[in-house]
Structures are given as C-alpha cells and as structure tokens.
Amino acid sequence: MLPESLENALRKFAQKYAPQQSVGLKALFEKEMKDHIRSRKFQMILVLVLVTSYASLYGAISGMSDSTSDYLYLSLFTTSGSSIPSFLSFIALLGPFVGIILGFDGISVEKS
C-alpha cells in the first residue's frame with residue numbers, strides 16, 4: 001500500500017490534470033466522428049456493407065431451410081447460399097477495403 005500522503009497527492013494531481021486532457025480529446029473525437037459520419041464516402045460504404053450483408057443473410061436463410069443446426073445464429077453468418085457467399089466471406093473481403101478507403105480519405109482530407 002502507498003502512504004496516505006502519497007495517495008492524497010496522486011488524487012489531487014489526477015483531479016487537477018486529468019479532466020483538462022479528457023475534455024480536449026472528447027471534443028476532438030466528437031468532431032472527427034461527425035466529419036466521418038456526415039461524409040458521402042462513409043455513407044456509400046455503409047450502404048454497400050449493409051446491402052451485401054442483407055443479401056448474404058437472405059442467401060443463408062434460403063439455404064438453411066432444410067438444415068437442422070443446433071447453432072442457428074452462428075450458421076446464419078457462416079452458411080453460404082447457392083449463389084451468394086456467406087456474410088463472413090463478405091466481411092473478410094470488404095473489411096480491408098473499407099479500412100484502406102477510410103484511411104486514405106482521412107489522410108487526404110487532412111492534407112487539403
């Protein structure tokens with residue numbers, strides 16, 4: 001255990017300096033999130049991911065009508081339909097592309 005005087009000193013230090021740092025970071029975080037969510041690129045990528053996820057879930061549901069799995073929720077995301085890959089395959093393919101596109105967008109916006 002720490003001595004009581006050291007604990008009090010650490011507590012006073014944290015009360016004095018921690019709120020100032022977190023307020024600035026919170027404002028920066030909120031600004032960046034608003035900028036990303038309102039951007040046209042982010043909205044188009046979000047629509048692309050949602051459409052592909054709905055299509056893959058539809059294919060999985062249509063392919064699972066004859067299946068009797070104990071893990072229904074897990075099989076929704078890992079079962080592929082007759083012509084559409086599984087949700088897991090879509091995310092494995094689209095995830096890196098989304099990361100690269102948003103990273104490039106973040107860098108190019110800051111440079112201009």
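## A walk through four helices

Start by selecting S39, which sits in the loop between α1 and α2. What you have open is a predicted model. Is S39 buried or exposed? Its relative accessibility is 18%, so S39 counts as buried, the cut-off for that label being under 20%. Now show the side chain of S39 and look for one of its polar atoms: the backbone nitrogen of F42 lies 3.3 Å from it.

**The whole chain**

Zoom out and colour by secondary structure. The protein chain has four helices and zero strands, and its pattern along the sequence reads α-α-α-α. Switch to a surface view next. The accessible surface of the protein chain comes to about 9,100 Å², and carbon and sulfur atoms account for 68% of it. Of the 112 residues in the chain, 14% count as buried. As for contacts between residues at least 6 apart in sequence, 44% of them join residues at least 24 apart.

**Helix α1 and its patch**

Select residues 4-38 to highlight helix α1, and find M33 within this helix. M33 has 36% relative accessibility, so this residue counts as partly exposed. Which residues form a nonpolar patch on the surface together with M33? Add F29 and I37 to your selection: the three share about 300 Å² of accessible area.

**Along helix α2**

Move on to residues 40-63, helix α2. How far apart should the ends of this helix be? With 24 residues at 1.5 Å a residue, α2 should span 34 Å. That figure counts one less than the number of residues, because this is how the expected span is defined. Put a distance label on the end C-alpha atoms of α2 and compare: they are 35 Å apart, which agrees.

While α2 is selected, pick out its buried residues, which are I45, T52, S53, S56, L57, G59 and A60.

Then return to F42, the residue whose backbone nitrogen you met beside the S39 side chain. F42 belongs to helix α2, and at 23% relative accessibility it counts as partly exposed. What does F42 touch once its neighbours within four places in sequence are left aside? Show H36, I37 and L102, with which F42 is in contact; I37 is also one of the patch residues from the previous stop. For a longer step along the chain, select D105: F42 and D105 are 63 residues apart in sequence, yet their C-alpha atoms are 9.4 Å apart in space.

**The loop between α3 and α4**

Next, go to the loop that links α3 (72-78) to α4 (87-111), and select S86 there. The relative accessibility of S86 is 5%, so S86 counts as buried. Leaving aside neighbours within four places in sequence, S86 is in contact with S56, F77, T78, T79 and S80. You have seen S56 already, among the buried residues of α2.

S82 is in the loop between α3 and α4 too. Is S82 buried or exposed? With a relative accessible area of 85%, S82 is exposed. Draw a line from S82 to G59: the two are 23 residues apart in sequence and 7.1 Å apart in space, C-alpha to C-alpha. G59 is one of the buried residues of α2.

**Last stop: helix α4**

Finish by selecting G95, found in helix α4. G95 has a relative accessible area of 37%, and so is partly exposed. Where does V49 lie relative to G95? Select both residues and check: G95 and V49 are 46 residues apart in sequence, with 9.1 Å between their C-alpha atoms.

Key: Residues are numbered from 1 along each chain as its sequence is written. This is a predicted model: local features need pLDDT of at least 70, side-chain atom pairs count only at pLDDT 80 or more; totals for chains, interfaces and linings use all residues. Side-chain values use heavy atoms; hydrogens and water are left out. Helices (H or I, at least four residues) and strands (E, at least two) are DSSP runs, numbered from the N terminus. Buried means under 20% relative accessible area, exposed over 50%, partly exposed in between (1.4 Å probe, protein chains only). Patches are made of residues with over 30% relative accessible area and no salt bridge: like charges are joined within 9 Å, nonpolar side chains (Val, Leu, Ile, Met, Phe, Trp, Tyr) within 5 Å. Accessible areas come from the Shrake-Rupley method with a 1.4 Å probe; for residues, only the protein chains shown count as cover. A salt bridge is a side-chain nitrogen of Lys or Arg within 4 Å of a carboxyl oxygen of Asp or Glu. A polar contact is a pair of N or O atoms within 3.5 Å; within protein, one must be able to donate a hydrogen and the other to accept it, and residues adjacent in sequence count only if both atoms are side-chain atoms. Contact means heavy atoms within 4.5 Å.
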